[in-house]
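Here are my notes on the structure, set out as numbered points. Please read them with the sequence and the coordinates open beside you.

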Amino acid sequence: MPTYDKSRAKLAEAKQVLAGGVASTLRGSMKPTPLYVESASGVIVKDVDGNEYIDYQLAYGPLILGHAHAGFNERIANAMAKGITYGLQHDGEIELARRLTEVLPCADKVVLSGSGTEAVMLALRLSRAYTGKRKVVRFHGHYHGWSDSIFTSFPSPDMMQKATSAAADSVPPGTKGQSELSLQDVILLPWNEPEALEAALRANASDIAAVISEPVMCNSGCILPKPGYLEKIRELTRELGIVFIMDEVITGFRLGAGGAHGRFGITPDLVTVGKALGGGIAVSAVGGSKEIFELIDTEQVSHLGTLNGNGVATAAGLAVLELMTENDGAVYGTMEDNALKLVGGIRSLFAKHDIRGVVNQIGPVFHFMFIDEDEVNHFDTFQKRDSGKYAKFAQLMLEEGVLVRPNGLWYISAVHESSHIDATLQAIDRVFVRLAEG
Ligand code: PLP
């Protein structure tokens, strides 16, 4: 049986000097204890107690090339040798921006920033400036970063577990310390309900600057949009003079080089990308129409950030795009095959062990939940999952050498192999037995 004594001791040490003991609130909820890493390579993470895990958490998404990828690291090292950041311009910015406009169908131009949260902040600001309106429509169960103007209670068992069924006129803040006034311009709606959307947009069109949506509800159940739903958002926003922001911080470069909007053939006005773009290095971007970016070209809208477009960040973005698109992007097929094999295996194990569960998958990302339903197509259904049982499952999986997020979202990287999937399915088989034993 693995032990976690050294990780526990390090957490206690960290708590003396690091508020909360972890660097991002979400990480503190890991059971039996937040892990401290010794090293990581490929899809294997080794903790300070000497335990090894096959990693499906992938640092909450960015590690599409796995850990310490040789080709990626070489490109980063070469960039660092030329100086990390200049506060001046360099070719890497132009090259990454050009590459992004090539792969992201909706992007005539881009801006570069450091995190998904910042990209969303800029997209909201641009929308308000472009339309001259204030309000923003967002949806239950989606997450768009932690800035005060958009962060509302987050429906994750490993974070703040609060009700999210507030009426449209009382959007609950996501955390203490966030002014409720900062959400006064937010209209919170159920997702995947075209009638509710149409009614709210038509009633408030003269006030609404933007609709922001994940294209697939990856943060809550990996729920796919109903056929025609994203098209409906596109049509209505176009008709009513509202900016459509697709938040592709998870789906970007993961559901294909062109993200979800490339895959689904829908063109939002603005797209936000981050996570996988940097392969683990902090870089994000907003892409969109040149009409909207004219506001930045003409300096009517400010976009700031000391480290924006630094040499390491641009090298990281270029490295991910180069490595993921070589051989015509064949690796996307491999990732999808591995995801299908793993998901198919999990469903068979549900049947074998007589366990009620659902796995929603698209490309190399899926959500695994224990739930007494045949399918999960709506946030309200997702809320019925047994998150306690899943948290227990995640803890037992750690003991079996598999690292998964305690909320059920799994990522497959370009370097997972069939043998990892086989080993993972064997671990799940054993864990299902242990779960039944209580
Ligand atoms: N948007 C979405 C859809 C996300 O899932 C996240 C992070 O999980 C963000 C925005 C915020 O990104 P970051 O954590 O890089 O600030």
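1. I begin with a single residue, bearing in mind throughout that this is a predicted model. L11 counts as partly exposed because 19 C-beta neighbours are found inside 10 Å, whereas a residue is called buried if 20 or more other C-beta atoms lie within that distance. The residue belongs to helix α1, which covers residues 5-17, and, once its neighbours within four places in sequence are left aside, L11 is in contact with G21, T33 and P34. The C-alpha atom of L11 is separated by 44 Å from that of A129, a residue that lies 118 residues away along the chain.

2. The loop between α1 and β1 contains P32, and its backbone deserves a look, since the peptide bond from K31 to P32 is cis, with omega near 5 degrees.

3. Beyond that loop comes a sheet of four strands, which is open, has mixed pairing and follows the order β1-β2-β3-β13. Its edges are formed by β1 (37-41) and β13 (402-403), and because each of these has a single partner strand, one side of each is left without a neighbour in the sheet. Strand β1 runs antiparallel to β2 (residues 44-47), to which four bridges join it, and in this pairing A40 has V45 of β2 as its bridge partner.

4. As to the overall division of the protein chain, the domain assignment gives domain 1 as 5-68 + 330-437 and domain 2 as 71-323, with the C-alpha centres of the two lying 25 Å apart. The contact between them takes 31 residues from domain 1 and 32 residues from domain 2. On the side of domain 1 that touches domain 2, at least two residues each are supplied by β11 (357-362), β12 (365-370), α10 (379-382) and α11 (387-399), and the largest share, four residues, comes from β12. Sorted by class, that side of domain 1 has 19 nonpolar and 12 polar residues, and no charged residues.

5. A second open sheet, of seven strands, has the order β4-β10-β9-β8-β7-β5-β6, again with mixed pairing. Here β4 (109-113) and β6 (186-189) stand at the edges, and since each has a single partner strand, one side of each is left without a neighbour in the sheet. From one strand to the next, the twist averages 20 degrees.

6. Within the seven-stranded sheet, strand β7 (208-213) merits separate comment, as six of its six residues are buried. It runs parallel to β5, the two being joined by three bridges, with I208 of β7 as the bridge partner of K135. It also runs parallel to β8, here over four bridges, and in this pairing V211 stands opposite F244 of β8. Strand β8 (residues 243-247) in turn pairs in the parallel sense with β9 (residues 270-273) over three bridges, where D247 has T272 of β9 as its bridge partner.

7. Two helices can be placed against these strands. Helix α5 (residues 194-204) lies across β5 (135-139), β6 and β7, and runs at about 160 degrees to β6, while helix α8 (residues 290-297) lies across β4, β9 and β10 (284-288), and runs at about 50 degrees to β4.

8. Which residues are closest to the ligand? They are S115, G116, T117, G145 and V249, out of 13 residues that surround it. The shell draws most on helix α4 (residues 116-131), which gives three residues, and by class its members divide into four nonpolar, seven polar and two charged.

9. Finally, two residues other than glycine should be checked for their backbone angles, as each has a positive phi. N192, in the loop between β6 and α5, has a phi of about 70 degrees, and this residue is buried, because 20 other C-beta atoms lie within 10 Å. D328, which lies in helix α9 (residues 311-352), has a phi near 55 degrees, yet this residue is exposed, because its surroundings within 10 Å hold 8 other C-beta atoms.

Terms used
Residues numbered from 1 in each chain as written. Predicted model: local features only at pLDDT ≥ 70, side-chain atom pairs only at ≥ 80, totals over all residues. Pairing = 2+ DSSP bridges. Axes fitted to C-alpha atoms, helices over the stretch in contact; angles between N-to-C directions. Contact = placed C-beta atoms within 7 Å. Near = placed C-beta within 6 Å. Nonpolar A, V, L, I, M, F, W, Y, C, P; charged D, E, K, R; others polar. Domains from an automatic or database assignment. Buried ≥ 20, exposed ≤ 12 C-beta atoms within 10 Å, placed from the backbone.
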